[in-house]
Amino acid sequence: MLKVENLKASVEGKSILNGIDLTVNAGEVHAIMGPNGSGKSTLASILAGRESYEVTDGSITFLNQDLLELAPEERAREGLFLAFQYPVEIPGVTTTNFLKTAVNQIREHRGQEALDAVTFLKLIKEKMKLVKIDDSLLSRSLNDGFSGGEKKRNEIFQMAVLEPKLAILDETDSGLDIDALKVVANGVNSLRNKDNAVVVVTHYQRLLDYIVPDFVHVLYNGKIVKSGDKDLALKLEAKGYDWIRENAELAT
Amino acid sequence: MSTTEKDLREHFNQKYSSFRKTLNGSQSPKIDELREHAINALNQNGFPLTRDEEYKYTPITRALLKSFKFTEEHPDEITMVPPFGEHLISGLNGYILVFWNGKLVFNSGDTPKNLSISPLQDLSKEQQERLSQYLGKLVNYQLDAYAALNTALLNQGSVITLKEGTNLDQPVVIYHLTDASQGPVYTQTRHLILAEKNAKATVIEIYKNLSEDHQGFQNVASEIYLEDAAQLDLFKIQTDTAGALLVDNTNIEQKDNSQVRCHTITTTGDIIRNNLNISVKGQNCESHMNGLYLVNGTSLIDNHTLVDHRMPNSYSNELYKGIVDDTATGVFNGKIYVQPDAQKTNAFQSNKNILLSDKATMNTKPQLEIWANDVKCSHGATTGQLDAEQVFYLRSRGLDEKQATGLLLYAFATEFLEQVSLPVLNEYLERIIADRLYQLKS
């Protein structure tokens with residue numbers, strides 16, 4: 001589904017990613033872990049199409065297309081979704097309001113008919129239960145005055161409505177208490193199936209107790225320095241990132 | 001031959017002299033005296049040029065000299081009632097007055113007992129005498145030359161009285177229509193609104209420039225008195241004003257417990273200048289100023305507002321928002337005065353602008369002058385582009401750039417409508433805003 005090869009990227013001339021290779025197949029969950037500043041969020045942002053990064057080398061293929069050639073909205077319509085680390089506040093725009101446009105854009109792209117108001121509301125109601133989000137939140141301005149937990153739940157709610165093929169969760173666990181974490185994880189798990197994939201970007205192992213990954217990759221200095229199964233995450237939790245640092249420095 | 005400010009004054013002095021002859025002593029000496037004071041003030045101070053601080057960014061006098069061919073001014077007799085019907089907002093019912101080139105051509109009449117609407121020019125000498133305690137007391141003809149001009153030529157207009165305890169079932173709707181299809185026209189009207197104790201009403205003023213064949217120049221002034229606990233919603237709708245030169249002077253005086261909500265929306269016009277002055281002379285008053293301007297091309301829209309808190313315990317809140325595109329210019333000057341006696345005043349002001357082009361200009365100046373020591377006042381002004389992060393967020397959900405920016409601009413602009421409670425007007429303005437944003441490039 002997703003193939004990242006030798007991806008190098010920089011921001012304002014500063015090199016952040018130094019050759020990433022990553023393959024994600026349908027039905028898989030990948031976790032990308034790493035210390036602060038290792039490039040985790042940069043990778044997520046580049047996948048979603050944020051323009052402030054410059055890709056200097058390498059390629060990304062998503063569903064047999066050159067992802068880097070696609071505008072952010074084209075990526076979304078192809079089925080890529082980024083749950084933001086810091087969801088933006090947009091006064092005056094409600095979740096329901098913009099999500100209807102988003103859903104119908106994606107449906108149009110897939111050659112499906114636009115949803116009418118009633119069907120759309122039914123869809124919304126159904127997905128609301130998944131992340132235990134209520135009406136009042138959706139009719140308020142997007143993320144405006146939302147708590148940290150509400151913002152993250154709203155991201156997963158949008159994911160549920162848009163039904164992406166590849167979801168990238170960028171530090172969705174940060175700022176969540178354990179109850180909210182479970183709600184978010186349950187939401188993600190119930191959306192998993194053999195045709196879609198999830199990439200979880202996180203600093204801590206905690207979320208991975210609930211969203212169990214098939215693969216864990218450790219990012220350090222803009223490179224994946226270690227890959228393994230879910231035990232790698234536990235090992236990292238026990239030994240800390242210093243263990244990775246030492247190993248990485250030994251290797252160079 | 002180039003014209004100068006002196007020529008312009010000369011022209012209006014002639015107009016004044018011939019106008020006075022037609023009155024032939026039929027009017028109250030007090031009103032006549034007021035006119036005389038006003039023309040003297042105009043002659044003394046002259047029309048404002050851009051070296052005048054209050055008109056620094058607004059070259060309306062220069063525009064008049066350049067494009068208003070006053071020597072060719074069309075005679076202002078109206079021999080038959082023009083077809084004004086198509087210019088009314090459909091569904092907007094109320095007590096309707098239509099001024100066509102400054103002449104009252106329609107008065108729906110049939111007002112309930114607690115409301116009286118009288119054409120200013122039809123008042124008897126005695127009525128004029130009685131109203132002279134109000135006329136010219138709020139409009140400051142010493143400070144603003146256009147207010148002076150309006151006062152010197154004071155004739156057509158309306159006197160609207162809301163009797164004590166009135167709760168008006170329908171709004172009063174005043175249309176200011178300028179038709180310059182036959183030649184350049186100067187049009188002016190003058191309005192006096194007296195809201196007695198506990199009266200409650202909505203007044204909607206609609207400004208239209210019907211033709212761009214020649215230059216239309218519209219100069220409207222009003223004086224509004226709110227007695228104890230009176231409540232007024234006042235609308236100024238300047239959305240069909242393409243090509244217009246327009247000056248509006250609105251002056252409001254508030255007594256104890258009164259509330260005023262002013263809503264000003266402008267989307268078109270060559271140069272439009274709104275002066276909104278509120279004098280808070282009572283306690284526990286509320287004054288709300290809600291403004292929106294969406295301009296492109298070479299339009300210039302200038303909102304000057306003043307809230308003068310003279311008594312304690314009152315509250316004022318101002319929010320003006322603007323979207324400026326192409327080479328258009330926006331001007332905002334918001335004065336808040338808190339006089340020594342006005343302790344416990346709460347006064348807030350905010351001006352937010354989005355520039356859609358590199359060549360669009362916004363001049364914003366909050367001006368707070370506070371002489372009391374126990375007050376809460378705040379002000380803020382922002383001018384910038386759309387937030388790139390917000391645009392990216394929406395695009396990452398599948399909206400294209402145009403949809404994303406359109407949605408964000410719409411959300412920005414329609415905050416104005418949150419305070420517009422009359423459904424038919426809310427819908428009308430919502431449509432105008434949507435159409436307008438569609439025209440502004442994304």
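**Exercise 1. Find how strand β15 of chain B pairs with β17(B), and in which sense.**

*Solution.* Start with the terms: strands (E, at least two residues) and helices (H or I, at least four) are DSSP runs, numbered from the N terminus, and two strands pair if DSSP finds at least two bridges between them. β15(B) and β17(B), the latter spanning residues 346-355, pair in the parallel sense over 10 bridges. Within that pairing, Tyr320(B) has Asn351(B) in β17(B) as its bridge partner.

Next, look at β13(B), residues 286-295, which also pairs with β15(B) in the parallel sense over 10 bridges. Here Asn290(B) stands opposite Leu319(B) of β15(B).

Last, check the cover. Buried means under 20% relative accessible area, exposed over 50%, and partly exposed in between (1.4 Å probe, protein chains only). In β15(B), residues 315-324, 8 of the 10 residues are buried.

A note before you go on: this is a predicted model, in which local features need pLDDT of at least 70 and side-chain atom pairs count only at pLDDT 80 or more, while totals for chains, interfaces and linings use all residues. Residues are numbered from 1 along each chain as its sequence is written, chains are lettered from A and ligands numbered from 1 in the order in which they are written, and side-chain values use heavy atoms, leaving out hydrogens and water.

**Exercise 2. Describe the contact of chain A and chain B.**

*Solution.* Begin with the area, that is, the accessible area (1.4 Å probe) that two parts lose on being put together, summed over both. Chain A and chain B bury about 1900 Å² between them, with 62% of it on carbon and sulfur atoms.

Then count residues, taking contact as heavy atoms within 4.5 Å: 32 come from chain A and 16 from chain B.

Now the charges. A salt bridge is a side-chain nitrogen of Lys or Arg within 4 Å of a carboxyl oxygen of Asp or Glu. The rule finds 4 across this interface, including Arg395(B) with Glu51(A) (3.7 Å, N to O). On the side of chain A that touches chain B, the elements giving two or more residues are α2, β6, β7, α3 and α6 of chain A. The largest share, 6 residues, comes from α3(A).

**Exercise 3. Decide whether helix α6 of chain B is enclosed or open.**

*Solution.* Of the 8 residues of α6(B), 388-395, 6 are buried, so the helix is largely enclosed by the rest of the structure. Among the buried ones are Phe392(B), Tyr393(B) and Arg395(B). At the N-terminal end, Asp387(B) caps α6(B), with a side-chain oxygen 2.9 Å from the backbone nitrogen of Glu389(B).

**Exercise 4. Locate three salt bridges within the chains and compare the cover of their partners.**

*Solution.* The whole structure holds 30 salt bridges over all chains. Take Lys151(A) and Glu89(A) to begin with: their side chains meet at 3.1 Å, N to O. Lys151(A) counts as buried at 17% relative accessibility, whereas Glu89(A) is partly exposed at 35%.

Move on to Lys236(B) and Asp248(B), which meet at 3.2 Å, N to O. Lys236(B) lies in β9(B) and Asp248(B) in β10(B), 12 residues apart. Both are buried: Lys236(B) has a relative accessible area of 4%, and Asp248(B) has 1%.

Finish with Glu286(B) and Arg261(B), whose closest N and O atoms are 3.7 Å apart. Glu286(B) lies in β13(B) and Arg261(B) in β11(B), so this pair ties together parts that are 25 residues apart in sequence.

Methods:
A polar contact is a pair of N or O atoms within 3.5 Å; within protein, one must be able to donate a hydrogen and the other to accept it, and residues adjacent in sequence count only if both atoms are side-chain atoms.
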